[in-house]
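Reader: Could you take me through this protein chain, please?

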Amino acid sequence: IGIIDFSQGQHIQRVSGAFAAVNPLAKYDSLTVNNGNWAAQLVEFVDRVREAGETGAIANLSFDLSQLDDIGITTRYELTPAEQQAIQYARENNILLVVAAGNTGDMMSALGAASQQFDNIITVGAVNHLERKTDYSATGEGLSIVAPGGEWNNDPNAFIGTSRATPYVTAAASLVWAANPGLSYQQVKKLLLETAADLNVAGWDKNTGAGLLDVKEAVSRAPY
């Protein structure tokens, strides 16, 4: 498992903590993103997986893509060639990417939307304690599944967002794969989506994807 993230505001530590809350036994690599070099860090992670002789792995990307333009910092809706190549490299090596939909409350960035182009991506949105989509959770055709995004609980420093929801899904995927190491990334993804509890309208929708993550159900079905 690789947790690829930025260090500002202890973000990578918070993401790692959310992952460990679901799967405290798993070992993971932390790779820090600097100046937006997440694609290079993903390639580095894939290289590590290959060198270790592993036949599959999971990378957690708890961020969306932004850019600085004439307006200011805006959401980026296109992947660079290097980013596409990094995702494809992961795909070729049976590596599942679990990515955040983003907290714009609007259309998701190119990273989340890339699940439509690359089948090794699961894009994660967030729900509140009432199991309803949060106002901030980004939407779109690429949304795969939703998980709890956390609550403020009168704490201005609380860790909330799709960044928090994403490592829950990463941890669930790691438990599914541990229960049946022979699965491909496609089978792990399929299990997570098929066992999700449907929300909102029947079937998939752009606000909640396949539904709410059900860790126990996914893990219980993994061996079969």
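Author: What follows covers the overall fold and then one pair of helices. This is a predicted model, in which local features need pLDDT of at least 70, side-chain atom pairs count only at pLDDT 80 or more, and totals for chains, interfaces and linings use all residues. Residues are numbered from 1 along each chain as its sequence is written, and side-chain values use heavy atoms, leaving out hydrogens and water.

Reader: How many helices and strands are there in the protein chain?

Author: The protein chain has seven helices and eight strands. These are DSSP runs numbered from the N terminus, helices being H or I of at least four residues and strands E of at least two.

Reader: What share of the residues is buried?

Author: Buried residues account for 52% of the 224 in the protein chain; buried means under 20% relative accessible area, with a 1.4 Å probe and protein chains only.

Reader: Changing topic, at what angle do α5 and α6 pack?

Author: Helix α5 (residues 162-179) and helix α6 (residues 185-194) pack at about 120 degrees, with axes 10 Å apart. Axes are lines fitted to C-alpha atoms over the stretch in contact, and angles run from 0 to 180 degrees between N-to-C directions. That makes α5 oblique to α6, since oblique covers angles outside under 35, 65 to 115 and over 145 degrees.

Reader: And which residues meet there?

Author: From α5, V169, A172, A173, V176 and W177 meet Y185, V188, L191 and L192 of α6, where contact means heavy atoms within 4.5 Å. The residues of this contact divide into nine nonpolar, no polar and no charged. Nonpolar here means Ala, Val, Leu, Ile, Met, Phe, Trp, Tyr, Cys and Pro; charged means Asp, Glu, Lys and Arg; the others, Gly among them, are polar.

Notes: Buried means under 20% relative accessible area, exposed over 50%, partly exposed in between (1.4 Å probe, protein chains only).
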